[in-house]
Amino acid sequence: MAKLKSFAATLDSGHMYALSVCLIGMGLFSYTNRFEFLHYSTSTWVWVYAMTSACLVLNFFMIQLPPEGNEQSLDSSVYLACIFIFGPGFTLTVLLLNCLFFAIIDRGTRWWKHLTNFFIYSIMIIVSAACFQYLGGTPGALINTQLFTYLLVLAVYFFMNTLLVVLYYYILYRATLYETIKDMIKDAMFVYLCTLVLSLVLTVLVYHNQILGLLLYMCLAVLLCQSFKKLFSMYRSIQERANTDQRTGLFNHSYFEEVLEQEIQKSRSTGVPLSLAMIDLDDFKKYNDHFGHLQGDKLISFVGELLKSESQKSGTIAARYGGEEFTLLMPGYDSLQARTYIDLLRKKLNNSRFNGVEIFPLGCLAFSAGIAASSSDIHDKSQLVDHADQALYYSKRQGKNTVHTYGEHSPLEQELDFSQDVRDIEQQLNLFMYKDMETFRHSKRVFRYAMDISEILEMDAISKRNFTLGALIHDIGKLEIPWSILNKTDKLEPEEWEMVKWHVTWGKKMALTNDKFKELAPYIELHHERYDGKGYPYGFKGEEIPRLCRMLTIIDSFDAMTTERPYQPTKSFEEAVIELRACAGSQFDPELTELFINYIESREPRHGIAAM
């Protein structure tokens, strides 16, 4: 209901803006034109009709430009030329006739939009003509010594158009004013430069060559529009080839990566759910080896056509990820909706007829799929892909032809894997025992803190695994730091401190070398980010940092303060708690800080920590 009210308020604001523009434009039109067309001579009316016809023709030969494919008309060049040659009253008459004719032809557009467009043009023309007159310009031939005046008038015309249109879209869509202006200028700048230059060309041709000059100009403008149309068509063709997998007709891997980034950002900013499915054809290698690569390619194409058809119906984005793997990006789908949709798609493929399906174990085409839903804790697109890929791997392990959602593993199964993961990581940490014993002991303490906090936060099995293992391995990158710096008792030099800061990046790279530990990379990489955005390596701020990474930062800092470290003095537990509270809201998440302090105060009564 609140969204409906907000939408209605936006529409009302848009209508109010349109009404305001119409009232201002009506007043300026009446004052400037003063119905002077009632006193035109026959020769003047000939020119009115000639210029009006030119505008109408240009409205049917629009300029198309990549990459968005915006269509824009060159009719503004006619209006500007009319200002320079005949004056504002004549120009407004041409505009009035052009808009009347166009409204009759284009009945699909609502009347108030035609009216608003007419008065927007009226305001642009009147303000530009006033500027021309103020700067000493007089209607007639183009005067070389007043070239600056013409250029300034062209700039004013462009500014007024940008301002009036941008304000409308800003009010209607609630975008940021800066972004709206930037996008408008980026998309329209080239067309307007053409329009403004051509207006001066038309001024010269009409003044010196009369109707012949106008005809020559129209030939030039129409040819220019057609050239841009062909250019745009070529661009679209090249773009489609670059973004399309030729075997299946689906989007390719590169395009998928690009769209995934955009959709994740959109989901985070709007709160609209987003899910990703990774799909892998079951036993494709067996089919390919039996029937040959040509028949295997036909099977890939068949599945691609099915996915393309279904994605177009559902508004999802299907792509070929590579080999027999596909992806489906599902904006607006939460994990449950995505699971239902992919399961229906799987059953549809099971029931699809194709040559040679009897060779498959199930006697039909089948795929395994893994689904992952985007969330605020997803700070990188590779994380979402990894989650979906892990869910896909789990589906394969369950006997194929199944769909699994990331995060729904059996807790018992997860616990069985978990103990082995701890042993694997501890083997890595044992390297610290000869290089820096304190880092080894610090990692073990942070791990124990994380285990306790995971119980307090009542995490699910996967979150608990990733959080606690991430805490255990968070400083693994320090293995790359020289022994002399790790064990230095004096204050670190600036260049030494910069080297220490690199441990988060090195540690992330180490984790990414093992598929089992890819999920731990954010904890390693982001545990030195600060709540106020002054941390490293990225300077993420607030909720840009995943929640559990924010908690790990608190645990890591608390243990660092209460433990002898080469580059930080030791504090008592009481002093560390005071420091945590002092830095809550700047270095640390304030809510999570209080939760951790409550845990510490309840856990460490022997230290005499009192609630503050």
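Visitor: Among contacts in the protein between residues at least 6 apart in sequence, what percentage joins residues at least 24 apart?

Guide: The model is a predicted one. In the protein, 70% of the contacts between residues at least 6 apart in sequence join residues at least 24 apart.

Visitor: How many helices and strands does the secondary structure contain, and what share of the residues is buried?

Guide: The protein has 23 helices and seven strands. Of its 612 residues, 49% are buried. The accessible surface comes to about 30600 Å², and carbon and sulfur atoms account for 58% of that area.

Visitor: How should one read a nonpolar core, and which residues of the largest one touch the most other members?

Guide: In soluble globular proteins, nonpolar side chains tend to be buried together. Here the largest nonpolar core holds 61 residues, and Met51, Phe84 and Leu214 touch the most other members. At least two residues of this core come from each of the helices H1 (2–33), H2 (42–60), H3 (75–85), H4 (88–105), H5 (111–134), H6 (147–173) and H7 (177–243). H7 gives the most, with 13 residues. Apart from this core lies another, of 31 residues, which includes Ala450, Met551, Met561 and Phe588.

Visitor: Which residues does methionine 51 contact, leaving aside neighbours within four places in sequence?

Guide: Methionine 51 is in contact with Val78, Cys82, Phe86, Phe90, Val94, Val206 and Leu214, once those neighbours are set aside.

Visitor: How does one read a helix such as H4, and which of its residues are buried?

Guide: An α-helix has 3.6 residues a turn, so residues three or four places apart point the same way. H4 has 18 residues and spans 26 Å from its first C-alpha to its last, close to the 26 Å expected at 1.5 Å a residue. The buried residues in H4 are Gly89, Phe90, Thr91, Leu92, Thr93, Val94, Leu95, Leu97, Asn98 and Cys99.

Visitor: Turning to strands, how many residues of strand S3 are buried, and to which strands do bridges join S3?

Guide: Eight of the eight residues of S3 (residues 274–281) are buried, so this strand is largely enclosed by the rest of the structure. Both faces are covered: Leu274, Leu276, Met278 and Asp280 are buried on one side, and Ser275, Ala277, Ile279 and Leu281 on the other. Seven bridges join S3 to S5 (residues 325–331) in an antiparallel arrangement, with methionine 278 opposite threonine 327. Seven bridges also join S3 to S6 (residues 367–373), again antiparallel, and there aspartate 280 stands opposite serine 368.

Visitor: How should one read a charged residue such as glutamate 310: is it buried or exposed?

Guide: The cut-off for buried is under 20% relative accessible area. Glutamate 310 has a value of 12% and is therefore buried. This residue is found in helix H10 (residues 293–314). The side chains of glutamate 310 and lysine 348 are joined by a polar contact of 2.6 Å. Not counting residues up to four places away in sequence, glutamate 310 touches Tyr341, Leu345 and Lys348.

Visitor: Where is glutamate 529 placed, and what is its relative accessible area?

Guide: Glutamate 529 lies in the loop between helix H20 (521–526) and helix H21 (547–561). Its relative accessible area is 2%, so glutamate 529 is buried. Leaving aside neighbours within four places in sequence, glutamate 529 is in contact with Gly535, Tyr536, Pro537, Tyr538, Gly539, Phe540, Ile545 and Thr553. The C-alpha atoms of glutamate 529 and phenylalanine 588 are separated by 9.1 Å, although these residues are 59 apart along the chain.

Definitions and conventions: Residues numbered from 1 in each chain as written. Predicted model: local features only at pLDDT ≥ 70, side-chain atom pairs only at ≥ 80, totals over all residues. Heavy atoms only, no water. Helix = DSSP H or I, 4+ residues; strand = E, 2+ residues; numbered from the N terminus. Buried < 20%, exposed > 50% of the residue type's maximum accessible area, 1.4 Å probe, protein only. Contact = heavy atoms within 4.5 Å. Areas by Shrake-Rupley, 256 points an atom, 1.4 Å probe, with all protein chains shown as cover. Core = buried A, V, L, I, M, F, W, Y, C linked by side-chain atoms within 4.5 Å. Pairing = 2+ DSSP bridges. Expected span 1.5 Å × (residues − 1). Polar contact = N/O pair within 3.5 Å; in protein donor to acceptor, adjacent residues only side chain to side chain.
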